[in-house]
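The following exercises are to be worked with the sequence and the model at hand. Each consists of a task and a solution in steps.

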Amino acid sequence: MADTKKNAILLIDGDNISGALADSIYEAAKEYGRIKEIHLFANFKGADAEWSLAAYRHAMAIHHLPVIIAKKNITDIGLTIIAMEKLFEAPDIDVYIIASNDSDYMPLASEIRGHGKTAVNLYTTKDNIQQLAAYDTSRYVEKNAVTQDDADKVLAESVRVIIEVNSKKTGRVMLNKLSQEFKKKITGFDIKKSYKKPCSSLRIFLTTLKADYPDLFAEYDVTNDYVEHIKP
């Protein structure tokens with residue numbers, strides 16, 4: 001059972017962990033306290049697209065850290081700076097949860113513990129055991145098995161987010177644009193295979209989703225060659 005008496009902050013190294021594990025990391029983190037803040041650090045120019053979607057689902061604060069020197073990311077420095085700021089400016093945070101396989105965070109974990117706070121590591125690579133001694137506790141996270149219904153709901157929510165982002169400026173987005181965005185941001189997207197009901201066109205796929213999840217798509221007209229936000 002989660003410790004709801006303690007306030008926690010979740011700090012995610014998005015350049016070091018796959019976005020496919022985003023939901024599993026979030027669920028694991030909740031076991032260590034009441035999550036007050038979530039910060040996601042990554043070079044979003046080349047980042048795993050699933051992290052972008054997860055950021056919307058879980059209301060993460062996004063920190064874009066572009067690579068300046070080839071093959072040299074600076075995510076660890078950005079994460080450490082925010083953690084240290086919180087350590088001195090947010091005394092109500094009791095637990096610092098670092099989601100990463102990077103051993104570079106060991107000094108940060110020691111500093112957190114030195115200030116009387118709890119340091120937790122969520123890791124996804126089993127051969128990365130050497131760093132665990134620096135933390136109060138650590139946990140191996142793997143992707144949760146999900147039912148078909150759960151997978152379909154996640155897909156519908158992802159589609160909803162992509163539509164919202166791409167129609168924000170003009171109130172509408174063309175289907176060919178959406179097709180490109182779905183393939184880019186939803187791993188393995190295929191209208192004939194990604195959903196429980198194979199669809200012959202993107203328009204049919206969207207009308208099917210709207211019929212199955214009316215609450216998610218109530219604000220959108222999906223019957224044309226574009227998706228349009230329905231004004232109240």
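## Exercise 1: A charged pair in a helix

In this predicted model, Lys-177 and Glu-181 are joined by a salt bridge whose closest N and O atoms are 3.3 Å apart. Determine how the two residues are placed along helix H6, and classify Lys-177 and Glu-181 as buried, partly exposed or exposed.

**Solution.**

Step 1. Lys-177 and Glu-181 are four residues apart in helix H6, so about one helical turn separates them.

Step 2. Lys-177 has a relative accessible area of 34%, and is therefore partly exposed. Glu-181 has a relative accessibility of 5%; because buried means under 20%, Glu-181 counts as buried.

Step 3. The pair belongs to a network: salt bridges with shared partners connect Lys-177, Glu-181, Lys-184 and Lys-185.

## Exercise 2: The two sides of H6

Identify the buried residues of H6 and state how they are arranged about the helix axis.

**Solution.**

Step 1. The buried residues of H6 are Leu-175, Leu-178, Glu-181 and Phe-182.

Step 2. Viewed down the axis of H6, these buried residues fall within an arc of 115°, and they therefore line one face of the helix.

Step 3. Exposed residues are found on the other side of H6, namely Asn-176, Gln-180, Lys-183 and Lys-184.

## Exercise 3: The nonpolar cores

Find the residues with the most contacts inside the largest nonpolar core. Which helices each supply at least two residues of this core?

**Solution.**

Step 1. The largest nonpolar core has 25 residues, and those with the most contacts inside it are Val-159, Leu-178, Phe-182, Phe-205 and Leu-206.

Step 2. At least two residues of this core come from each of helix H5 (148-166), helix H6 (175-185) and helix H7 (202-212). With six residues, H5 gives the most to this core.

Step 3. The surroundings of Phe-205 can be listed next. When residues up to four places away in sequence are not counted, Phe-205 touches Leu-155, Val-159, Phe-189, Ile-191, Tyr-195 and Cys-199.

Step 4. There is also a second, separate core of 22 residues, which includes Ile-38, Trp-51, Ala-54 and Ala-55. Helix H2 (residues 49-57) has Trp-51, Leu-53, Ala-54 and Ala-55 as buried residues. Just after H2, Ala-59 adopts a positive phi of about 55°.

Step 5. As a general background to this exercise, nonpolar side chains in soluble globular proteins tend to be buried together.

## Exercise 4: Helix H3 and its surroundings

Is Asp-76 buried or exposed, and which residues beyond its neighbours within four places in sequence are in contact with it? Then describe the setting of Ile-81.

**Solution.**

Step 1. Asp-76 lies in helix H3. Its relative accessible area is 15%, so Asp-76 is buried.

Step 2. With neighbours within four places in sequence set aside, Asp-76 is in contact with Asp-102, Asp-104 and Tyr-105.

Step 3. Ile-81 also lies in helix H3, which spans residues 75-89. Ile-81 has a relative accessible area of 46% and is therefore partly exposed.

Step 4. Together with Ile-74 and Ile-77, Ile-81 makes a nonpolar surface patch of about 260 Å².

## Exercise 5: Two further salt bridges

Locate the salt bridge partners of Lys-86 and of Glu-27, and state what the bridge of Lys-86 links.

**Solution.**

Step 1. The side chains of Lys-86 and Glu-37 form a salt bridge with an N to O distance of 3.0 Å. This pair links distant parts of the chain, since Lys-86 is in helix H3, Glu-37 is in strand E2 (residues 34-42), and 49 residues separate them. Glu-37 is partly exposed, with a relative accessible area of 25%.

Step 2. Glu-27 forms a salt bridge with Lys-30, with the closest N and O atoms 3.3 Å apart. Glu-27 is partly exposed at 38% relative accessibility, and Lys-30 is partly exposed with a relative accessible area of 30%.

Step 3. The structure as a whole holds twelve salt bridges.

## Exercise 6: The chain as a whole

How many helices and strands does the protein chain have, and what percentage of its residues is buried?

**Solution.**

Step 1. The protein chain has eight helices and nine strands.

Step 2. Of the 232 residues in the protein chain, 42% are buried.

Step 3. The accessible surface of the protein chain comes to about 12,500 Å², and carbon and sulfur atoms account for 51% of this surface.

Note on methods. Residues numbered from 1 in each chain as written. Predicted model: local features only at pLDDT ≥ 70, side-chain atom pairs only at ≥ 80, totals over all residues. Heavy atoms only, no water. Patch = residues over 30% accessible without salt bridge, like charges linked within 9 Å, V, L, I, M, F, W, Y side chains within 5 Å. Areas by Shrake-Rupley, 256 points an atom, 1.4 Å probe, with all protein chains shown as cover. Salt bridge = Lys/Arg side-chain N within 4 Å of Asp/Glu carboxyl O. Buried < 20%, exposed > 50% of the residue type's maximum accessible area, 1.4 Å probe, protein only. Core = buried A, V, L, I, M, F, W, Y, C linked by side-chain atoms within 4.5 Å. Contact = heavy atoms within 4.5 Å. Arc of directions from axis to C-beta.
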